[in-house]
Amino acid sequence: MDFGKLVAVQREYFNSGATKNLATRKEHLNTLKKCCSENADKICEAIHKDLRRNPAITKQMEIYGSIGEIDYLLAHLDEWAAPQKVAHTPAITDGDIPLIVKDPLGVVLIIGPWNYPAVLFFRPVAAALAAGNTAIVKPSEIASHTSNVLADIVPKYFDKKVVAVVEGAVDETTALLKERFDHILYTGAPPVGKIVMAAAAKHLTPVTLELGGKCPVVVADDADVQLAAKKLASTKWLNCGQTCIAPDYVLTSSKVKGKLVEELKKCIEENFSKDPKASPMYSRMVNQRHFDRVKGVLDKSAGQVLYKGGEYDRNDVFILLP
């Protein structure tokens, strides 16, 4: 694919002024919503192949989560797009009416992640379209089944001048980053984030980088320990821990620790049974490379295992997080 021509096609459409029209933006958003809802089962099946995540969970999180976001954008678009009056300053005469006018940027590049490959496709695309931009999206090749489905369904709903999906890996991403975009969104790891930012700097292109983070949980002495354990179990072990905002560790007192551990054991078994490997609710590592990386971290850990541990199956990319 000639990425230069693709960017030129989208920029020509953007420069026509068509996307400044709010009716056009709403039409694009409703089309995106239709694309998501009409292909929900196909998307959930692909994500199950990539991550072994239960389709019911995926539908709730990634499909309904995407549709909800699009509905929210549609409900507030008129308000958000309207010029905003601001206060006068000494540099402005009394006859002037100072306003903030919100203009679209242009052609947006979205480089998606593999851990939640549908919702982190539809939501950023929805935001770009709502703001009057066009979008070129490069889904993660690691979630290959989902990437294939998105590349198949999106052209059935959108002309490439509005939304285009580009499949590929490092070579394709590198080639894309040589083009001039008007904004780049990337979700993933810091090393690639640095590459994206360096490429964007050559054109002074603004970027939005979501590079994960650390997520400590504090359980105070007066907390509802049962509720805290329920929330911890449902978020830490969701998607086999492959969530940017999954809890990393818990800070609590010796007074609470014992009760919290016991409640966590109960919640884990309620969610995934006493044999998580056989549970349809327990996901898998996305591939063997990530399996090896996480197992390596666990093998080096000097932490005390409080509940289960050492349960691995590389062929099944199964790790029971201790």
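## Helix α2 and T24

Helices here are DSSP runs of at least four residues, numbered from the N terminus. T24 is found in one of them, helix α2, which covers residues 22–38. The model is predicted.

Is T24 buried or exposed? T24 has a relative accessible area of 17%. The cut-off for buried is under 20%, so T24 counts as buried.

What does T24 touch, apart from its neighbours within four places in sequence? The contacts are Y13 and A18. A18 also appears in a polar pairing: its backbone oxygen lies 3.5 Å from a polar atom of the T24 side chain.

## Two domains

The domain assignment splits the protein chain into domain 1, residues 3–211, and domain 2, residues 216–300. In the contact, domain 1 takes part with 12 residues and domain 2 with 14 residues. The C-alpha centres of the two domains are 32 Å apart.

## The interface between the domains

The size of an interface is often given as the accessible area lost when the parts come together. For domain 1 and domain 2, that buried area is about 1200 Å². Carbon and sulfur atoms account for 57% of the area.

How many salt bridges are counted between domain 1 and domain 2? The count is 0. Polar contacts are present, however: 6 residue pairs between domain 1 and domain 2, with both residues at pLDDT 80 or more.

Which helices help build the domain 1 side that touches domain 2? Helix α3 (40–51) and helix α4 (55–81) each supply at least two residues. By residue type, this side of domain 1 divides into 6 nonpolar, 2 polar and 4 charged.

## L321, after strand β11

L321 sits in the segment after β11, a strand spanning 318–319. Its relative accessible area is 12%. That value falls under the 20% cut-off, so L321 is buried.

Which residues does L321 contact, leaving aside neighbours within four places in sequence? They are K236, W237, C240, G241, Y282 and V294. G309 offers another reference point. G309 and L321 are 12 residues apart along the chain, and their C-alpha atoms are separated by 6.8 Å.

## Points to check in the structure

- T24, in helix α2: buried, with Y13 and A18 in contact.
- The domain 1 and domain 2 interface: about 1200 Å² buried, 0 salt bridges and 6 residue pairs in polar contact.
- L321, after β11: buried at 12% relative accessible area, with contacts including W237 and Y282.

Methods: Residues numbered from 1 in each chain as written. Predicted model: local features only at pLDDT ≥ 70, side-chain atom pairs only at ≥ 80, totals over all residues. Heavy atoms only, no water. Domains from an automatic or database assignment. Contact = heavy atoms within 4.5 Å. Buried area = accessible area lost by both parts, 1.4 Å probe. Salt bridge = Lys/Arg side-chain N within 4 Å of Asp/Glu carboxyl O. Polar contact = N/O pair within 3.5 Å; in protein donor to acceptor, adjacent residues only side chain to side chain. Nonpolar A, V, L, I, M, F, W, Y, C, P; charged D, E, K, R; others polar. Buried < 20%, exposed > 50% of the residue type's maximum accessible area, 1.4 Å probe, protein only.
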